[in-house]
Amino acid sequence: MASSLTLDSLIKAHAQSLGFDAVGIARVPYPSSDPVSSSQAPILNADSSPLPQRLWRRLTHWLEQRFHGTMTWLERDPQRRSDPTKVLSGCQSIIVVGMNYYTDHVADESKQAGRIARYAWGKDYHDLMKTRLKQLEDYLHEQIPEIQTRSYVDTGPIMEKAWAQEAGIGWIGKHTNLVSTDYGSWLLLGEILTTSELEADKPAIDLCESCSLCIQACPTGAIVEPYQLDAERCISYLTIEYRGSLTDIEPELRKKMGNRIFGCDDCLDICPFNINAQPTREPHFQPTPWTLHPQLSQLASLNEEEFRSMTKGSPTRRPKYEGFIRNAEIALQNQTPPPSSPVSFD
Ligand code: B12
Ligand code: SF4
Ligand code: SF4
C-alpha cells in the first residue's frame with residue numbers, strides 16, 4: 001500500500017482525470033454517543049460537537065418544523081442520514097466530488113418561454129457521476145485492497161452539502177446550497193464513503209458575512225431565515241417534488257412561481273461568488289434547444305408519449321407527466337395579463 005500522503009494526492013489526481021472538478025476529503029469522527037442525549041444543545045455553527053451530532057440536530061429541527069413538506073422519505077432514520085458510520089460500518093473518510101455544470105448560454109427571456117433550472121439544461125447528472133464514482137472506487141480498491149467503499153450521488157442517505165463543506169469544497173450559503181470560491185453556485189455533488197483513514201482537507205469557511213442577496217432574491221420567501229429553507233414554499237420543490245394538482249398549490253404561491261416550470265435558480269444566480277464561474281468542460285451538461293427555449297403553449301399541450309420522448313435522459317422527467325403539464329399550465333396562467341379594470345368616468 002502506498003503511503004497515506006501520496007495516496008491522497010493520487011486519489012485526487014485520479015478523480016480530476018475522471019472529470020470531477022472539485023475533490024476534497026473529510027474525516028468521519030468515530031461513532032459518538034446517542035445524539036438524543038445532546039438534543040438540547042444549540043444548533044448554531046459555533047456548536048463544537050462532532051459533525052454527525054450537529055447534523056442530526058439540524059435535520060430533526062428542520063423536520064419538526066415540517067419544512068420538508070411531502071418529502072416524507074427524509075423522515076426515515078435521521079440518525080443514519082446524519083452519521084455515515086451507520087451507512088457504512090467502520091467509515092472513516094469521505095471523498096467528496098463536485099462537477100461544474102455552468103454553461104454560458106442564455107435562457108430565452110421572451111414572454112412565451114418557461115424557465116428551467118440550469119442543472120437540468122443538459123442530460124441527467126446522476127448516471128454520469130455514478131459511473132465515474134464507480135471508476136474512482138475501482139481505483140481505490142486497486143490501491144488499498146482491504147478498503148470498503150460505498151458511493152452516492154444525491155439519492156443516498158447522506159447530507160452531501162455538509163460533508164462537502166467539511167471536505168473543503170465550499171460552504172453552505174444562506175440559501176442552504178454549497179458555494180465554491182472557484183465554481184460559485186454551480187457544483188453538483190457526489191461522494192465515496194471509505195473505511196480508510198485518508199488525509200483530510202480543512203473544512204471550508206463561511207464567506208457569506210453580511211450579504212443576504214439570496215434571501216432578498218427569493219420570490220416566495222422560502223429562505224425563512226439564513227440557512228433555513230421552508231421547502232414547501234420553494235419553487236424547486238413545488239415544480240419538481242410536489243405531486244399535488246394545480247389547485248392544491250395556494251394561489252399566492254402559484255402567482256409567484258412566474259414562468260418557472262422546472263426548478264428555480266433565483267437564489268443561486270444572484271450570488272456574488274459566481275463572478276469566477278467558468279463554463280464546464282463536460283459535454284453532458286450542454287443545453288438542448290427545448291431546455292433553453294421551452295415554449296409554454298407547446299409544452300402544455302404535449303401528450304404523455306411526447307413528454308416521455310422529449311424528456312428521455314433528462315432530469316425534467318422527475319415531476320412525471322402530470323406534474324410537468326401542471327407546471328406549464330401555471331406558467332401559462334401567469335403569462336396572461338390580468339383583466340384590465342373597467343374605466344370609470346365618474
Ligand atoms: C431534499 C433536497 C432538496 C429539497 C430541499 C432543499 C434543502 N435545502 O434541503 C428541494 C426540493 C427544495 C431542493 C431544491 C434544490 N436542490 Co436539492 N437536494 C435535496 C437533497 C436530496 C437532500 C438535502 C437535505 O438533506 N435537506 C435536509 C436539510 C435538513 O439539510 P440541508 O439542506 O443540508 O440543510 C441544513 C444545512 O444547510 C444546515 N446547515 C446550514 N449551515 C450549516 C453549517 C454547518 C457547519 C453545518 C454542519 C450545517 C449547516 O442546516 C440546515 C437545516 O436547517 C440533496 C442531496 C443530498 N443527499 O444531500 C439535494 C441537493 C442539496 N440539491 C441540489 C440542488 C442543485 C438543488 C437546487 C439548486 C435545484 C434547482 N436549481 O432547482 C434547489 C436549491 C433550493 C435551495 N435553495 O436549497 C444539490 C446542491 C448542490 C450544491 N452546490 O449545494 C444537492 C446536493 C444534490 C446533488 N447531489 O448535487 N433540494
Ligand atoms: S430555489 Fe427559488 S424559490 Fe427556492 S429558495 Fe431559491 S429562490 Fe427561493
Ligand atoms: S448570495 Fe450572499 S448570502 Fe447568499 S450564498 Fe451568496 S454570499 Fe451567501
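**Entry 1. Ligand 3**

I began with the surroundings of ligand 3 in this predicted model. Of the 13 residues around ligand 3, I found that Gly-173, Cys-208, Cys-211, Cys-214 and Cys-271 come nearest. I sorted this shell by class and obtained nine nonpolar residues, three polar and one charged. I then asked where ligand 3 lies with respect to the two domains. Domain 1 (4-103 + 123-194) and domain 2 (213-335) both give residues to its shell, so I place ligand 3 between them.

**Entry 2. Ligand 2**

I turned next to ligand 2, which has 13 residues around it. The nearest are Cys-218, Cys-234, Cys-264, Asp-266 and Cys-267. By class, I noted nine nonpolar residues, three polar and one charged in the shell around ligand 2. I also looked up which helices take part, and α7 and α9 each supply at least two residues of this shell.

**Entry 3. Ligand 1**

For ligand 1, I recorded 41 residues in the surroundings. Ala-117, Glu-160, Leu-178, Ser-236 and Gly-263 come nearest to ligand 1. The shell divides into 26 nonpolar, eight polar and seven charged residues.

I then listed the elements that each supply at least two residues of the shell around ligand 1. Among them are the helices α2 (51-64), α5 (160-166), α7 (235-241) and α9 (266-269). The strands β7 (187-194) and β9 (228-229) also belong to this list. Which element gives the most to the shell around ligand 1? It is α2, with six residues. As for domains, the shell draws at least three residues from domain 1 and at least three from domain 2.

**Entry 4. Helix α2**

Having met α2 at ligand 1, I examined the helix itself. It has 14 residues and reaches 20 Å from its first C-alpha to its last, close to the 20 Å expected at 1.5 Å a residue. I found these residues of α2 buried: Leu-51, Pro-52, Gln-53, Arg-54, Leu-55, Trp-56, Arg-57, Arg-58 and Leu-59. What covers the buried residues of α2 includes α3 (78-82) and α5. I noted that α5 also supplies residues to the shell around ligand 1. Just after α2, Arg-66 takes a positive phi of about 60°.

**Entry 5. Helix α13**

I checked the length of helix α13 (residues 320-335) against expectation. Its 16 residues should span 22 Å at 1.5 Å a residue, and the end C-alpha atoms are 23 Å apart, which agrees. The buried residues of α13 are Gly-323, Phe-324, Ile-325, Arg-326, Asn-327, Ala-328, Ile-330 and Ala-331. I looked up what covers them, and the cover includes the helices α7, α8 (251-256), α11 (296-300) and α12 (304-310), as well as the strand β10 (260-262). Of these, α7 also supplies residues to the shell around ligand 2.

**Entry 6. Positive phi angles**

I looked for backbone angles of note. Most residues other than glycine have a negative phi. Lys-320, which is not a glycine, has a positive phi of about 65°. Lys-320 is placed in helix α13. Is Lys-320 buried or partly exposed? I counted 14 C-beta neighbours inside 10 Å, so Lys-320 is partly exposed.

Thr-176 is another residue other than glycine with a positive phi, in this case near 80°. I located Thr-176 in the loop between β5 (171-172) and β6 (178-179). With 18 C-beta neighbours inside 10 Å, Thr-176 counts as partly exposed.

**Entry 7. The two domains**

I recorded the division of the protein chain into domain 1 (4-103 + 123-194) and domain 2 (213-335). Their C-alpha centres lie 25 Å apart. I found 27 residues of domain 1 in contact with 30 residues of domain 2. The side of domain 1 that touches domain 2 has ten nonpolar, 13 polar and four charged residues.

**Entry 8. The whole chain**

I closed with the protein chain as a whole. Its secondary structure comes to 13 helices and ten strands. The radius of gyration is 22 Å, close to the 20 Å that the globule rule gives for 346 residues, so I take the chain to be as compact as a globular protein of that length. Along its principal axes, the C-alpha trace spans about 85 × 45 × 35 Å. Of the 346 residues, 39% count as buried. Among contacts with a separation of 6 or more, 76% are between residues 24 or more positions apart.

Note on methods: Residues numbered from 1 in each chain as written. Chains lettered and ligands numbered in written order. Predicted model: local features only at pLDDT ≥ 70, side-chain atom pairs only at ≥ 80, totals over all residues. Near = placed C-beta within 6 Å. Helix = DSSP H or I, 4+ residues; strand = E, 2+ residues; numbered from the N terminus. Nonpolar A, V, L, I, M, F, W, Y, C, P; charged D, E, K, R; others polar. Domains from an automatic or database assignment. Expected span 1.5 Å × (residues − 1). Buried ≥ 20, exposed ≤ 12 C-beta atoms within 10 Å, placed from the backbone. Contact = placed C-beta atoms within 7 Å. Rg over C-alpha atoms; globule rule 2.2 N^0.38 Å.
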